[in-house]
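User: Please take a close look at one part of this model for me, and then set it in its surroundings. I am new to it, so please explain each term as you go.

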Amino acid sequence: MNIKTYLLALLFLCSLKGYSQNNDSRDNDRLAELNEFWKEVSRTIEEGDFEGYAGTFHEKATLVSGISNKAYPIATALAGWKKDFVDTRSGQRKSSVAFKFNKRLGDPSTAFESGIFYYSYELDGEKNGYYIHFDGLLVKEGTWKMMMEYQKSAATKEDWDALK
């Protein structure tokens, strides 16, 4: 390899390192924003804030259920979940959700998040909960909004514990 080729290769590698550092910074910013998004989702469920929860979805969002093998507008799903929010807000029910991820892809305006969520609730003194493998497709238009929530399949506590 001649010196010119060597210097060009070195310059190329240095530019990749700079590109990688810029991407790392953007990824860190995106992940920090998305972590705040998921905290907000958790807060709305815990407080029974239906309007806040609905606001985490894009108006044209879709819910895909691998469990029931159906897909439909999020507005339909929200209508079915509203009573749980009302009951949580009134104190008749306690609800919470937590998230763990195994894949987080994206750029400053789009995100694909994959993992497991654990939804738990207490009603009439009886505690229940379930783990669900899910994917989320989000867009950022000022704030992050879920475009598609895909509840793929039931997960186990062992699956949950295996994720960080």
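What follows starts from Lys100 and moves on to strand pairs, aromatic rings and charged side chains.

Analyst: This is a predicted model, in which local features need pLDDT of at least 70 and side-chain atom pairs count only at pLDDT 80 or more, while totals for chains, interfaces and linings use all residues. Residues are numbered from 1 along each chain as its sequence is written, and side-chain values use heavy atoms, with hydrogens and water left out.

Lys100 belongs to strand β3, which covers residues 93-107; strands (E, at least two residues) and helices (H or I, at least four) are DSSP runs, numbered from the N terminus. Lys100 is buried and yet has no salt bridge, for the nearest side chain of opposite charge, that of Asp161, is 4.7 Å away. Here buried means under 20% relative accessible area, exposed means over 50%, and partly exposed is in between, with a 1.4 Å probe and protein chains only. A salt bridge needs a side-chain nitrogen of Lys or Arg within 4 Å of a carboxyl oxygen of Asp or Glu, and in speaking of charge Lys and Arg count as positive and Asp and Glu as negative, with His and the chain ends not counted.

What the side chain of Lys100 does reach is the backbone oxygen of Trp160, at 3.2 Å, and the backbone oxygen of Leu163, at 3.4 Å. With residues up to four places away in sequence not counted, Lys100 touches Ser114, Gly115, Ile116, Phe134, Trp160, Asp161, Leu163 and Lys164, where contact means heavy atoms within 4.5 Å.

One of these contacts, Phe134, leads on to the strand pairs, since the bridge partner of Phe134 in β6 is Gln151. Strands β5 (residues 126-141) and β6 run antiparallel and are joined by 11 bridges; two strands pair if DSSP finds at least two bridges between them. β5 and β6 form a hairpin with one residue between them, and Gly142 in the turn has a positive phi of about 90 degrees. Gln151 is also the bridge partner in β6 of Ser65, and β1 (residues 57-65) runs parallel to β6 (residues 143-155), to which five bridges join it.

Phe134 also takes part in one aromatic cluster, together with Phe37, Trp38, Phe99, Phe101 and Phe117. Rings of Phe, Tyr and Trp (its six-membered ring) pair if their centres lie within 6.5 Å, and planes under 30 degrees apart count as stacked, over 60 as edge-to-face and the rest as tilted.

In total the structure holds 18 aromatic pairs. Among them is that of Tyr53 and Trp81, whose ring centres are 6.2 Å apart and whose planes stand at 65 degrees, so the pair is edge-to-face. Because Tyr53 lies in helix α2 and Trp81 in helix α3 (residues 74-90), the pair ties together parts that are 28 residues apart in sequence. Tyr53 is buried at 7% relative accessibility, whereas Trp81 is partly exposed at 24%. Another aromatic pair, Tyr118 and Tyr131, is stacked, at 4.2 Å centre to centre and with 25 degrees between the planes. This pair links distant parts of the chain, with Tyr118 in strand β4 (residues 110-123) and Tyr131 in strand β5, 13 residues apart. Tyr118 is partly exposed at 25%, while Tyr131 is buried at 15%.

Although Lys100 has no salt bridge, the structure holds 12 of them. One of them joins Asp27 and Arg30 at 3.2 Å, N to O, two residues that lie three apart in helix α1 and so are separated by about one helical turn. In another, Arg104 meets Glu113, with the closest N and O atoms 2.8 Å apart; Arg104 is partly exposed at 24%, and Glu113 is buried at 0%. Salt bridges that share partners also join Glu40, Arg43, Glu47, Asp49 and Arg89 into one network. Within this network, Asp49 lies in the loop between α1 (3-47) and α2 (50-54), and at 13% relative accessible area it is buried. Leaving aside neighbours within four places in sequence, Asp49 is in contact with Arg43, Thr44, Phe85 and Arg89.

Notes: Polar contact = N/O pair within 3.5 Å; in protein donor to acceptor, adjacent residues only side chain to side chain.
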